[in-house]
Amino acid sequence: MNLRVIKKDIEYVLGAFIEDCSVVAAVKGQSADEKIAGLIEEAIDLYNELKDKVNAKIEGPKKSYYASLRKEILEKTDALYEKLSSAVKASQKAE
């Protein structure tokens with residue numbers, strides 16, 4: 001695992017999530033704006049948190065640290081997608 005690859009993964013995964021949020025906001029309009037804006041803010045906070053972890057000076061085995069970081073990226077992004085899914089379902093019920 002390469003540090004550069006992990007940084008690109010963070011940008012790609014969270015960038016894709018923010019893009020998906022933008023598409024949902026465009027399609028749903030006003031009914032989901034506040035929830036979507038909150039999710040985008042959460043994604044940006046997660047991005048900053050993960051970038052700080054990647055750039056942190058670590059002691060010990062780097063391979064296991066980066067493996068756990070990659071797992072964290074996927075788990076936390078999955079949680080954000082679950083929230084996006086529930087926001088879309090809630091906005092459909094409201095219509």
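Let me start with Glu72, which forms a salt bridge with Lys53; the closest N and O atoms of this pair are 2.6 Å apart. The two residues come from distant parts of the chain, with Glu72 in helix H3, Lys53 in helix H2, and their positions 19 residues apart in sequence. I should say at once that this is a predicted model, and what follows should be heard in that light.

How do the two partners differ in exposure, buried or partly exposed? Glu72 is buried, with a relative accessible area of 16%, a value that falls under the 20% cut-off for that class. Lys53 is partly exposed, at 28%. The pair also belongs to a wider arrangement: Glu49, Lys53, Glu72 and Lys76 are linked in a network of salt bridges.

Let me now place these residues in the overall fold. The protein chain contains 3 helices and 0 strands, and from the N terminus on its elements run α-α-α. Along the principal axes, the C-alpha atoms fill a box of roughly 55 × 15 × 15 Å. Of the contacts with a separation of 6 or more, 76% are between residues 24 or more positions apart.

I return to the charged pairs. How many salt bridges does a search of the whole structure find? The search finds 7. One pair is Asp9 with Arg70, whose side chains meet at 2.6 Å, N to O. Asp9 lies in helix H1, residues 3–28, and Arg70 lies in helix H3, residues 62–94, so this salt bridge ties together parts of the chain that are 61 residues apart in sequence. Asp9 is partly exposed, with a relative accessible area of 27%. Arg70 is partly exposed as well, at 25%.

A further pair is Lys51 with Glu11, where the side chains meet in a salt bridge at 3.2 Å, N to O. Here the link runs between helix H2, residues 33–55, which holds Lys51, and helix H1, which holds Glu11; the two residues are 40 apart in sequence. Lys51 counts as buried because its relative accessible area is 14%, under the 20% cut-off. Glu11, by contrast, is partly exposed at 43%.

Taken one after another, the pairs I have described connect H3 with H2, H1 with H3, and H2 with H1.

I turn next to an uncharged residue, Thr77. Where does Thr77 sit? Its place is in helix H3. With a relative accessibility of 4%, Thr77 counts as buried. Leaving aside residues up to four places away in sequence, Thr77 touches Val13, Leu14 and Leu46. Of these, Val13 and Leu14 fall within the residue range of helix H1, and Leu46 falls within that of helix H2.

Finally, some values for the chain as a whole. Of its 95 residues, 27% count as buried. The accessible surface comes to about 6,300 Å², and 53% of that area belongs to carbon and sulfur atoms. As for charge, the chain carries 16 positive and 17 negative charges, and the mean positions of these two sets are 7 Å apart.

To close, I would draw your attention once more to the four linked residues, Glu49, Lys53, Glu72 and Lys76, and to Thr77, buried in helix H3 with its contacts to Val13, Leu14 and Leu46.

Definitions and conventions:
Residues numbered from 1 in each chain as written. Predicted model: local features only at pLDDT ≥ 70, side-chain atom pairs only at ≥ 80, totals over all residues. Heavy atoms only, no water. Helix = DSSP H or I, 4+ residues; strand = E, 2+ residues; numbered from the N terminus. Buried < 20%, exposed > 50% of the residue type's maximum accessible area, 1.4 Å probe, protein only. Contact = heavy atoms within 4.5 Å. Areas by Shrake-Rupley, 256 points an atom, 1.4 Å probe, with all protein chains shown as cover. Lys, Arg positive; Asp, Glu negative; His and termini not counted. Charge placed at Lys NZ, Arg CZ, Asp CG, Glu CD.
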